[in-house]
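Okay, everyone, let me put this one up on the screen. I'll start with how far to trust it and then walk through the inside.

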Amino acid sequence: MAARGSWACACFYTDNVFLPRYGLHVRYRDGPQLRRDYGPALRSRGCRSDEDFTAVLSEIEKEVQRRKQLGRDAIERKAIISQQYKAKHPEVYVLQDSFLAPEFLETVKYCTSQAADLQGLLCLLEAFSDKRIYRLPVFSKEFCRVFIEELENFEQSDMPKGRPNTMNNYGVLLNELGLDEAFITPLREKYLQPITALLYPDLGGDSLDSHKAFVVKYALHQDLDLSCHYDNAEVTLNVSLGKEFTEGNLYFGDFQQAPSPVPRYIEIEHVLPDHVAWLHRGPIKGSEPTCLGPRFRPGPAQRHTADRKWVGRSPQQRRSAPGTGVRPRSGTTSDS
């Protein structure tokens, strides 16, 4: 059966293009527009000569082309992986209640009860600031240990690997690994949506109908941090899977704020024990450098700690793109 594609807004091919050398996200239409809108910011970051600017244009064009090929390339990689990859722990590919933390199951049970309301749910979560950022356990420690082993087994294989985004060079797209149908989708529909329906009703939290799930790895001599960026989603679940590391705090900017620079943000310190998750809206976000140890996790930074990130999208995105409020424009179909 052919892989089911999804519509991508045309802005996916023009907006939020990250320039690693200059630590800047840009919107790109053509060279004159780029120079007009971002010339001063680029010059202040060291892009001063015509040769530097030409190199930036080349880098952007290469990234736009990569985005246009994402769907086709992802389908090809997924087919190869499904046929040739030998899983170390095949049991982790089908979600089970035993994978989930008891506290998380109790929270879901409350949210599906007739008496559930926002104030009752907030008593079960740890909230930070007024930005509607919440911390909660999701997975059991034992599941995280086994899941990290599976990710490391895949990482060490010769299978093709797609990178999660333009800012992370180390990680795994979980749909390509075959975790969408029997793990991520039921996690979103059965467990997360009852929670997000109460926490984010104004963002379509009761009707999240798609997601992008991936793991990123942060380690010394690899990716150490994550520049500020938009999550293209109404709601993001960012799970720290484990392993010892230091630093790597998260910071959050304003929901409707341009992604660079970030004049106002709140920083949240990473604290032990690990294996906890952050549930938040899809605003500007980043991760400070990791110092010791590797870390896997979906979304922000890693050292060899494991983290996984689920990005939830709702039909509301058909009316406005998350974080920008811009009405989506029709683009080509893609699998990502």
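**Where to be careful**

Residues 218–226 keep a pLDDT under 50, pLDDT being the predictor's confidence in each residue, from 0 to 100. Even so, the model gives that stretch 49 contacts beyond four places in sequence, where contact means heavy atoms within 4.5 Å. Where pLDDT is low, the predicted coordinates shouldn't be read in detail.

So, the ground rules. This is a predicted model, where local features need pLDDT of at least 70 and side-chain atom pairs count only at pLDDT 80 or more, while totals for chains, interfaces and linings use all residues. Residues are numbered from 1 along each chain as its sequence is written, and side-chain values use heavy atoms, with hydrogens and water left out.

Averaged over the chain, pLDDT is 76, and 65% of the residues score at least 70. Residues 1–5 are below 50, with four contacts in the model beyond near neighbours in sequence.

Now the overall picture. We have six helices and 16 strands; these are DSSP runs numbered from the N terminus, H or I of at least four residues for helices and E of at least two for strands. Of the 336 residues, 54% count as buried, meaning under 20% relative accessible area, with exposed over 50% and partly exposed in between (1.4 Å probe, protein chains only). Among contacts with a separation of 6 or more, 76% join residues 24 or more positions apart.

What's inside? The largest nonpolar core has 47 residues, and F104, F139, F147, L174, L177, F183 and I195 have the most contacts within it. Elements giving it two or more residues include α3 (102–111), α5 (141–155), α6 (180–199) and β7 (210–218). By nonpolar core I mean a set of buried Ala, Val, Leu, Ile, Met, Phe, Trp, Tyr and Cys residues joined through side-chain atoms within 4.5 Å. Another core, of 15 residues, lies apart from it, with Y22, V26, F53 and V56 among its members.

Let's stay on α5 for a second. Its buried residues include F143, F147, L151 and F154, but also E150 and E152. For its 15 residues at 1.5 Å each, the helix should span 21 Å, and the end C-alpha atoms are 21 Å apart, so that agrees; the expected span is 1.5 Å times one less than the number of residues.

Last stop, F12, in the loop between β1 (6–7) and β2 (17–19). Buried or partly exposed? F12 is partly exposed, because its relative accessible area is 29%. Beyond its neighbours within four places, F12 contacts R67 and L70. The C-alpha atoms of F12 and K68 are 9.0 Å apart, with their positions 56 residues apart along the chain.
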